[in-house]
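I opened a new notebook page for a chain I had not looked at before. My plan was to go from the overall build to single helices and then to the surface.

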Amino acid sequence: MPFRRTKEFYRRVSDRYKNNVVWLVIKGYLQGFAQVFFQESPWTGIAFLFGIFWSAYANDRPSVAWGIVVSVAFASIAGLIVREPIEEGIAGLWGFNGALVGAAFTTFFGDDPRMWFAMCFCAMFSTWVRTGLNNIMKPWKINSLTFPFVLTTWFFMLAARYLTGIGLEDSTLANPAFAPAALDATYSYADFSNFGDFVIAWLKGVSQVYFCDDWVTGIAFLVGLLICTPWACFWAAFAALTTLLFGWWYGMSTYDLTQGLYGYSAVLTGIAVGTVFYKMNFRVFLWTFVAVVATLVVQAALDNLVAPYGMAALTGPFCFATWLFLLPQYKLDSQVHLDFSFWHRKARERAAAEHAAVATTTAS
């Protein structure tokens, strides 16, 4: 009951100012943070910002939080410059790839003014790349997800050794929490005899979506998801738990498991498949569970693939695994016309209406 009252209060505030330009700008900006988890709610964005800043200052890395804040702004400006559909900007779809760009650059590259310039450029670039990739993928009826962030950031990681003129020669992926395990690494079983350590590792599987190494941030993210979509909160928690248990069972790297590094991509896969592109039922639950487990395998494989190049997999495993489970276009729920090209509600409704109109015309 208290949760329903809170959600109703948020809805009243949104309705009251829905035609206010200033509010729409603020709303679109805040939802840019929330859309990393596919959530269209400014209140979720505020909860995420709290978690991001908490982790950044608790770990003495404030540049990470401010990098995310700045990158979302520049990514949103990029959408405005080329006049992307305004409803997408209000929904936060201009900014979410930029949010991850800011998190990655401030985590992996040296804190230098030229890095900040490169980060802002890459954040803007990711918005434009998103439109291009969506156009390419539309015939396949899938979405680019966070791959614009992955692709553009990979370019900068690969180029880092040669971009000495902008100070990226010191970029290292030096944060050990994100250094991929070497192919010849000696693995040992994680010791979760202490239940508290197990819970912390589980919550970090959620927080690492934003490269945040903090269990309090994991709680903040789950609360933010609960505010907008309870099922998304469930899948985030369940996916992080599932990958932690399977990773332990298969003897994956102790350090990576305890830092939540095998959980974050699976968290996004669970939310995408289980709540965004399908409507929950028993078959969808089973399909999403398999997708979550598959993401763990893809994560380990991609980590090993990019390790020789001194790179991190980022959210690439989530993208590849989710595409693999959307491409079959199985009708697992009540949707008549399956089209995963969009996840923004209005865009999906418009696409469904277009499909219905074409079907009606063909029938007549």
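The entries below follow that order.

**Entry 1, the whole chain.** I noted at the start that this is a predicted model. I looked up the secondary structure and found 16 helices and 0 strands. The chain has 364 residues, and 54% of them count as buried. I then turned to contacts between residues at least 6 apart in sequence: 73% of these join residues at least 24 apart. The exposed area of the chain is about 16300 Å², and carbon and sulfur atoms supply 67% of it.

**Entry 2, helix H14.** I checked the length of helix H14, residues 282-306. Its 25 residues should span 36 Å at 1.5 Å a residue, and the end C-alpha atoms are 36 Å apart, so the two values agree. Which residues of H14 are buried? I listed Val284, Thr288, Ala291, Val292, Thr295, Leu296, Gln299, Ala300, Leu302, Asp303 and Val306. An α-helix has 3.6 residues a turn, so residues three or four places apart point the same way. I also asked what covers the buried residues of H14. The cover includes helix H8 (147-159), helix H11 (230-249), helix H13 (264-276) and helix H15 (316-326).

**Entry 3, helix H10.** I repeated the length check on helix H10, residues 215-228. H10 has 14 residues and reaches 21 Å from its first C-alpha to its last, close to the 20 Å expected at 1.5 Å a residue. In H10, 10 of the 14 residues are buried, so the helix is largely enclosed by the rest of the structure. The buried residues include Val216, Phe221, Leu222, Leu225 and Ile227. Gly218 and Gly224 are also among them, as is Cys228.

**Entry 4, cysteines.** How many disulfides does the count give? I got 0 disulfides, with a pair of cysteine sulfur atoms within 2.5 Å as the rule. I looked up two cysteines for burial, where the cut-off is under 20% relative accessible area. Cysteine 212 has 2% relative accessibility and so counts as buried. Cysteine 233 is at 14%, so cysteine 233 counts as buried too.

**Entry 5, a surface patch.** I ended on the surface, where Phe74, Ile77, Ile81, Val82 and Trp128 form a nonpolar patch. Together they have about 430 Å² of accessible area. Which helix gives the largest share of the patch? I found helix H4 (residues 62-81), with 3 residues. Isoleucine 81 lies in H4. Is isoleucine 81 buried or exposed? Its relative accessible area is 53%, so I wrote it down as exposed.

Methods
Residues are numbered from 1 along each chain as its sequence is written. This is a predicted model: local features need pLDDT of at least 70, side-chain atom pairs count only at pLDDT 80 or more; totals for chains, interfaces and linings use all residues. Side-chain values use heavy atoms; hydrogens and water are left out. Patches are made of residues with over 30% relative accessible area and no salt bridge: like charges are joined within 9 Å, nonpolar side chains (Val, Leu, Ile, Met, Phe, Trp, Tyr) within 5 Å. Accessible areas come from the Shrake-Rupley method with a 1.4 Å probe; for residues, only the protein chains shown count as cover. A salt bridge is a side-chain nitrogen of Lys or Arg within 4 Å of a carboxyl oxygen of Asp or Glu. Helices (H or I, at least four residues) and strands (E, at least two) are DSSP runs, numbered from the N terminus. Buried means under 20% relative accessible area, exposed over 50%, partly exposed in between (1.4 Å probe, protein chains only). Contact means heavy atoms within 4.5 Å. The expected span of a helix is 1.5 Å times one less than its number of residues.
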